[in-house]
Amino acid sequence: MSLDPWLQNYDATCRLAQEIAENIHERNRQQRTGGNPAKINMTLRASLQKLKQSIAQLKESLLRASSTRHVMQSEADRRQNLIDDLLTREKQLNATFKGDIMEPGPSRSALFAEGDGGSHGVATNPWLMNESDDTRGLTFGEIKHQQQQIIEAQDSGLDALSAVISRQKIMGQDIGNELDEQNEIIDDLAHLVDKTDSRIRNETRRVKLVEKKSASCGMLVVIVLLLIAIVVIAVWPV
């Protein structure tokens, strides 16, 4: 399984820092024994400049990976801690090279790296002071495998969430279609009510006209009856 390019570059930077520390130790030994450290000083200056550039490249690469979400936030934070450790170590190495501070002794992590890393053929960073318990003691390959498992689990969760959202979308579309049908039915009912109301008003006017005509006919009948009664009374013999 191939390592993450960032982890490979980080591993190479750690080895470079360890090499610089060993060269500073050798330079100091030559100074104590009266040797000429000019050549090793030139090598150290070039190595320190290369270390600075390598750390800058790690920072830039991590920034790109974080902005494009190629790594999880927790992994980005862990890598940022590793870079901070390297920056601290770089400052220490520069100060030691210039003679501002005494040469630091090997740390317990470095001793473990020499004892374990050589026997297994795996380069271990000797300055991992802020490494989490979940990854402490793991190789870079194992860390990458662990990260891939976490990403796969997250992908599965996202797939499930996507399926739920898709089902909800389909349900929303069905509800929208049903609402459209209900709105059409309501529009038809409203149109039918309007037509019915218009018919009722027309029929009401007709009834009023009939009532008026009926009242007029009744009056005529009464008048006719009165006339008949008058005529009968007039011609009836006393």
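Which side chains meet in a salt bridge at 3.1 Å, N to O? They are those of Glu75 and Arg78. A salt bridge here is a side-chain nitrogen of Lys or Arg within 4 Å of a carboxyl oxygen of Asp or Glu.

Before we look further, a word on the model. It is predicted, so local features need pLDDT of at least 70 and side-chain atom pairs count only at pLDDT 80 or more, while totals for chains, interfaces and linings use all residues. Residues are numbered from 1 along each chain as its sequence is written, and side-chain values use heavy atoms, leaving out hydrogens and water.

**Charged pairs**

Side chains of opposite charge can pair when their charged atoms come close. The count of salt bridges comes to 6, and the table shows three, including the pair from the opening question.

| Pair | Closest N to O distance |
|---|---|
| Glu75 and Arg78 | 3.1 Å |
| Arg79 and Glu75 | 2.8 Å |
| Arg15 and Asp11 | 2.7 Å |

Glu75 appears in two of these rows, and a network of salt bridges links Asp4, Glu75, Arg78 and Arg79. Glu75 and Arg78 are separated by about one helical turn because they lie 3 residues apart in helix 3. Helices are DSSP runs (H or I, at least four residues), numbered from the N terminus. Glu75 is buried at 7% relative accessible area, and Arg79 is buried at 2%. Buried means under 20% relative accessible area, exposed over 50%, and partly exposed in between (1.4 Å probe, protein chains only). In the other pair, Asp11 is buried at 11%, whereas Arg15 is partly exposed at 44%.

**The nonpolar core**

The largest nonpolar core has 23 residues, of which Trp6, Tyr10, Ile20, Leu51 and Leu93 touch the most other members. Helix 1 (5-32), helix 2 (38-67) and helix 3 (73-98) each supply at least two residues of this core, and the largest share, 9 residues, comes from helix 1. Such a core is a set of buried Ala, Val, Leu, Ile, Met, Phe, Trp, Tyr and Cys residues joined through side-chain atoms within 4.5 Å.

**How far to trust it**

The mean pLDDT of the chain is 78, and 79% of its residues reach 70 or more. This score is the predictor's confidence in each residue, from 0 to 100. Confidence is highest in helix 2, at a mean of 92, and lowest in helix 4 (residues 108-120), at 42. Where pLDDT is low, the predicted coordinates should not be read in detail.
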